[in-house]
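Please open the structure in a viewer and display side chains as sticks. The tour below proceeds selection by selection.

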Amino acid sequence: VPLIAGNVNTNYAIWTRAPGEQTFVRAGEASGIGFEPAGDGLFSTPARSSASEWENSYYRLVDQTLTPVATMMVTLAEDGSNESCKVRDDGGLSDIGLSVEEAEARFCADA
């Protein structure tokens, strides 16, 4: 459910419902342009952070709670190509069995 819409990014309230349940519960909030499946039970929210930078935050649902995994940060070069790509551990990389270096190899490959 959109909460606040900015020029580019929107803050969303994420709601989920357990199988067989009738009631939705609020899992948390995420901000970005939208939501995309990222494989292995992850989803991502791409977002602009400035005119020359964007990021993609990765989450998973754990017991109906939105749980941050990592954020990929990309800086663009003057010609529009990706100048750099770094991954920050938001507390969930070890839960999915990845180091920061492995996450950069996986997430930055699609950037």
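With the side chain of which residue does the side chain of arginine 88 make a polar contact? Select arginine 88 in this predicted model: its side chain makes a polar contact, at 2.8 Å, with the side chain of aspartate 90.

**First stop: arginine 88**

Arginine 88 is found in strand E8. Colour by accessibility, and arginine 88 counts as partly exposed, because its relative accessibility is 40%, between the cut-offs of 20% and 50%. Next, show its surroundings: leaving aside residues up to four places away in sequence, arginine 88 touches Ala70, Thr71 and Met73. Then select glutamate 104 and draw a C-alpha to C-alpha distance from arginine 88; the value is 8.9 Å, for two residues that are 16 apart in sequence.

**Second stop: the disulfide**

Remain on strand E8, which spans residues 82–89, and select cysteine 85. Cysteine 85 forms a disulfide with cysteine 108, the two sulfur atoms being 1.9 Å apart. The count for the structure comes to one disulfide. Cysteine 108 lies in the segment after helix H1 (100–107), so the pair ties together parts that are 23 residues apart in sequence. Inspect the torsion about the S-S bond: at about -80°, it makes the disulfide left-handed. Both cysteine 85 and cysteine 108 are buried.

**Third stop: the aromatic cluster**

Now select Tyr12, Phe35, Phe43 and Tyr59, which form one aromatic cluster. A search of the whole structure finds four aromatic pairs. One of them joins phenylalanine 35 and phenylalanine 43: the ring centres are 5.9 Å apart and the planes lie at 55°, so this pair is tilted. Is each of these two rings' residues buried or partly exposed? Phenylalanine 35 has 37% relative accessibility and therefore counts as partly exposed, whereas phenylalanine 43, at 16%, counts as buried.

Keep phenylalanine 43 selected and add tyrosine 59. These two form a stacked aromatic pair, with 5.6 Å from centre to centre and 25° between the planes. Highlight the strands that carry them: phenylalanine 43 lies in strand E5 (residues 42–48) and tyrosine 59 in strand E6 (residues 53–62), so the pair ties together parts that are 16 residues apart in sequence. Tyrosine 59 has 11% relative accessibility and therefore counts as buried.

How values were computed
Residues numbered from 1 in each chain as written. Predicted model: local features only at pLDDT ≥ 70, side-chain atom pairs only at ≥ 80, totals over all residues. Heavy atoms only, no water. Phe/Tyr/Trp six-rings, centres within 6.5 Å; stacked < 30°, edge-to-face > 60°. Buried < 20%, exposed > 50% of the residue type's maximum accessible area, 1.4 Å probe, protein only. Helix = DSSP H or I, 4+ residues; strand = E, 2+ residues; numbered from the N terminus. Disulfide = S-S within 2.5 Å. Contact = heavy atoms within 4.5 Å. Polar contact = N/O pair within 3.5 Å; in protein donor to acceptor, adjacent residues only side chain to side chain.
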